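Subject: Structure for you to look at

Dear colleague,

I am handing over the structure we spoke about, and below it you will find what turned up when its charged side chains were examined. Please keep it open beside you while you read.

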Amino acid sequence: ALRERKVLQDQANYESLSEKQIAKELKRLEKAMHDSAKNLEFEKAADLRDQLKTLRTKIFGAETPDFV
């Protein structure tokens with residue numbers, strides 16, 4: 001329930017971002033996800049992956065394949 005609420009909050013926040021801000025956010029999330037995985041923080045990396053997927057779906061209108 002808490003995770004679903006966070007996803008809904010993130011979606012609302014993404015709607016107010018400019019194109020440049022969205023690109024920065026995608027890069028930030030990708031870097032944080034990779035750093036978390038390197039540090040063996042797999043649950044955190046999975047949460048970041050889910051946030052990336054949500055943002056990409058919101059922006060591109062369709063699910064994109066995972067490139068990780």
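Counting pairs in which a side-chain nitrogen of Lys or Arg comes within 4 Å of a carboxyl oxygen of Asp or Glu, one arrives at four salt bridges, and you should bear in mind throughout that the model is a predicted one. As background, side chains that carry opposite charge can pair when their charged atoms come close. Three of these pairs are described here, one after another.

One of them joins R28 and E25, whose side chains meet with 2.8 Å from N to O. Both residues belong to helix α2, which covers residues 19-38, and they sit three residues apart, about one turn of the helix. Are the two partners buried or exposed? R28 has a relative accessible area of 45% and is therefore partly exposed, whereas E25, with 16%, counts as buried, because the limit for a buried residue is under 20%.

Another pair is formed by the side chains of R56 and E30, with 2.5 Å from N to O. Which parts of the protein does this pair tie together? R56 lies in helix α3 (residues 42-60) and E30 lies in helix α2, so the salt bridge links parts that are 26 residues apart in sequence. Here R56 is the buried partner, at 13% relative accessibility, while E30, at 28%, counts as partly exposed.

A further salt bridge brings together the side chains of R49 and D50, at 3.1 Å from N to O. In this pair R49 is partly exposed, with a relative accessible area of 36%, and D50 is also partly exposed, with a value of 22%.

It may help to set these pairs against the protein as a whole. The protein contains three helices and zero strands, and reading along the sequence gives the pattern α-α-α. It has 68 residues, of which 22% count as buried, and E25 and R56 are both in the buried class. If you consider the contacts between residues at least 6 apart in sequence, 50% of them join residues at least 24 apart. Finally, the protein exposes about 5300 Å² of surface, and carbon and sulfur atoms supply 54% of that area.

With best wishes

Conventions
Residues are numbered from 1 along each chain as its sequence is written. This is a predicted model: local features need pLDDT of at least 70, side-chain atom pairs count only at pLDDT 80 or more; totals for chains, interfaces and linings use all residues. Side-chain values use heavy atoms; hydrogens and water are left out. Helices (H or I, at least four residues) and strands (E, at least two) are DSSP runs, numbered from the N terminus. Buried means under 20% relative accessible area, exposed over 50%, partly exposed in between (1.4 Å probe, protein chains only). Contact means heavy atoms within 4.5 Å. Accessible areas come from the Shrake-Rupley method with a 1.4 Å probe; for residues, only the protein chains shown count as cover.
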